[in-house]
Amino acid sequence: QVQLVESGGGLVEPGGSLRLSCAASGSISSIMAMAWYRQAPGKEREYVAVIISGGPTNYADSVKGRFTISRDNAKNTVYLQMNSLKPEDTAIYYCNLSGRGGVYWGQGTQVTVSS
């Protein structure tokens with residue numbers, strides 16, 4: 001059993017910033033990677049960013065240069081720092097964990113970017 005809990009979402013104006021957190025707990029044998037996805041209403045779930053066990057990161061073109069993914073291994077927590085937010089960033093943001101025991105998803109946290 002693995003649980004992922006996202007937090008840090010909210011309402012922000014265009015150009016503003018938010019920092020999302022995802023805390024993992026439960027029977028985590030080995031974390032291979034943690035990632036962020038997002039899903040706007042009526043749209044497909046979209047990949048945003050990933051950080052793998054060795055530290056390398058990767059970003060979707062739509063967020064490159066604006067978002068930064070990082071982790072705190074001691075807390076089993078991954079973060080997504082979002083700067084220069086745009087209305088098109090509005091979505092539910094989901095945390096994803098890939099481990100030896102399987103693939104897990106959080107419940108999501110809402111991010112709304114509007115004036």
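This report walks through the salt bridges and strand pairing of a predicted model.

## A network of charged side chains

Let's start with the charges. Across the whole structure, a search turns up four salt bridges. Arg38, Glu46, Arg66 and Asp89 are joined in a network of such contacts, and the pairs within it are worth taking one by one.

Arginine 38 has a salt bridge to glutamate 46, with an N to O distance of 2.9 Å. The two partners sit in different accessibility classes: arginine 38 is buried because its relative accessibility of 5% falls under the 20% cut-off, while glutamate 46, at 34%, counts as partly exposed, since that value lies between 20% and 50%.

## Aspartate 89 and its two arginines

Arginine 38 also forms a salt bridge with aspartate 89, and here the closest N and O atoms are 2.9 Å apart. This contact links distant parts of the chain: arginine 38 belongs to strand β4 (residues 31-39), whereas aspartate 89 is in the loop between β8 (77-82) and β9 (91-99), 51 residues apart. Both arginine 38 and aspartate 89 are buried.

Which residue does arginine 66 meet in a salt bridge? The partner is aspartate 89, with 2.8 Å between the closest N and O atoms. Arginine 66 lies in the loop between β6 (57-59) and β7 (67-72) and aspartate 89 in the loop between β8 and β9, so this salt bridge ties together parts 23 residues apart in sequence. Arginine 66 is buried, as is aspartate 89.

## An open sheet of four strands

Now for the backbone. Four strands make up an open sheet, running in the order β1-β3-β8-β7 with antiparallel pairing. Why do β1 (2-7) and β7 each have one side without a neighbour in the sheet? They stand at the edges and have a single partner strand each, so one side of each is left open in that sense. From one strand to the next, the twist averages 15 degrees.

Within this sheet, β7 and β8 pair in the antiparallel sense over six bridges. If you would like a residue pair to look up in the model, isoleucine 69 has leucine 80 in β8 as its bridge partner.

## The β9-β10 hairpin

Strand β9, at one end of the loop that holds aspartate 89, is joined to β10 by a hairpin through two residues. β9 and β10 (residues 102-105) are antiparallel and pair over four bridges. To find this pairing on screen, look for asparagine 96, which stands opposite tryptophan 105 in β10.

Technical notes: Residues numbered from 1 in each chain as written. Predicted model: local features only at pLDDT ≥ 70, side-chain atom pairs only at ≥ 80, totals over all residues. Heavy atoms only, no water. Buried < 20%, exposed > 50% of the residue type's maximum accessible area, 1.4 Å probe, protein only. Pairing = 2+ DSSP bridges. Axes fitted to C-alpha atoms, helices over the stretch in contact; angles between N-to-C directions.
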